[in-house]
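Student: Please take one part of this model and go through it closely. I would like a single connected account, with cut-offs stated where terms come up.

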Amino acid sequence: MTAAQECFLGVSVAETADAEALEHAYGTFRDEATALNADYEPESVNTDGWAATQQAWTRLFPSITVALCFW
């Protein structure tokens, strides 16, 4: 889920924690963002260290830079 300026995008639940399920869930965000702006292409995303999360984002947005959270 992404939230800003009273707008929520990509609210979805992944059935499992593998790359395919996460890609499907994060795909909700991609679909909603591109519905608002057809040219939307994020430059980066901050994720946990879970490989499946990183794979899902790079599948959805091949040119994205994945930054790992250090908390």
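Tutor: The part chosen here is helix 1, set first in the whole chain and then followed outward to its partners.

The model is predicted: local features need pLDDT of at least 70, side-chain atom pairs count only at pLDDT 80 or more, and totals for chains, interfaces and linings use all residues. Numbering starts from 1 along each chain as its sequence is written, and side-chain values use heavy atoms, with hydrogens and water left out.

Start with the setting. The protein chain has 2 helices and 4 strands (DSSP runs numbered from the N terminus: H or I of at least four residues for helices, E of at least two for strands). Read from the N terminus, the order is β-β-α-β-α-β. The radius of gyration of the protein chain is 12 Å, close to the 11 Å that the globule rule gives for 71 residues, so the chain is as compact as a globular protein of that length. That radius is taken over C-alpha atoms, and the rule is 2.2 Å times the number of residues to the power 0.38. The C-alpha trace spans about 30 × 25 × 25 Å along its principal axes. About 5,100 Å² of the protein chain is exposed, and carbon and sulfur atoms supply 55% of that area (Shrake-Rupley method, 1.4 Å probe; for residues, only the protein chains shown count as cover). Of the 71 residues, 27% are buried. Buried means under 20% relative accessible area, exposed means over 50%, and partly exposed lies in between (1.4 Å probe, protein chains only).

Now the helix itself. Helix 1 covers residues 19-36. Its 18 residues should span 26 Å at 1.5 Å a residue, and the end C-alpha atoms are 25 Å apart, which agrees. The expected span is 1.5 Å times one less than the number of residues. The helix bends by about 30 degrees at Tyr 26. The bend is the angle between axes fitted to the seven residues ending at a position and the seven starting there.

Next, its buried side. Ala 19, Ala 21, Leu 22, Ala 25, Gly 27, Phe 29 and Ala 33 are the buried residues. An α-helix has 3.6 residues a turn, so residues three or four places apart point the same way. The buried residues of helix 1 pack against strand 1 (2-4), strand 2 (7-9) and helix 2.

Helix 2 deserves a closer look. Thr 53 lies in that helix and is buried, at 5% relative accessibility. Leaving aside neighbours within four places in sequence, Thr 53 contacts Leu 22, Tyr 26, Thr 47 and Asp 48 (contact means heavy atoms within 4.5 Å). One of these partners, Tyr 26, is where helix 1 bends. Another, Thr 47, sits in strand 3 (residues 44-47). Thr 47 is buried too, at 4% relative accessibility. Beyond four places in sequence, Thr 47 touches Thr 53, Gln 54, Trp 57, Val 66, Ala 67, Leu 68 and Cys 69.

Charged pairs also link the two helices. Side chains of opposite charge can pair when their charged atoms come close. The structure holds 3 salt bridges, each a side-chain nitrogen of Lys or Arg within 4 Å of a carboxyl oxygen of Asp or Glu. Arg 59 pairs with Glu 20, with the closest N and O atoms 3.4 Å apart. Arg 59 lies in helix 2 (residues 51-60) and Glu 20 in helix 1, so this pair ties together parts that are 39 residues apart in sequence. Arg 59 is partly exposed, at 38% relative accessible area. Arg 59 also bridges to Glu 23, with a closest N–O separation of 3.3 Å. Glu 23 belongs to helix 1, so this second pair ties together parts 36 residues apart in sequence. Glu 23 is partly exposed at 25%.

The remaining bridge involves Arg 30 and Asp 31, whose closest N and O atoms are 2.9 Å apart. Arg 30 is partly exposed at 28%. Asp 31 is partly exposed at 44%. By shared partners, Glu 20, Glu 23 and Arg 59 form one network.

Asp 31 lies in helix 1. Its C-alpha atom is separated by 13 Å from that of Pro 42, 11 residues apart along the chain.

Last, the long-range share. Among contacts in the protein chain with a separation of 6 or more, 33% join residues 24 or more positions apart.
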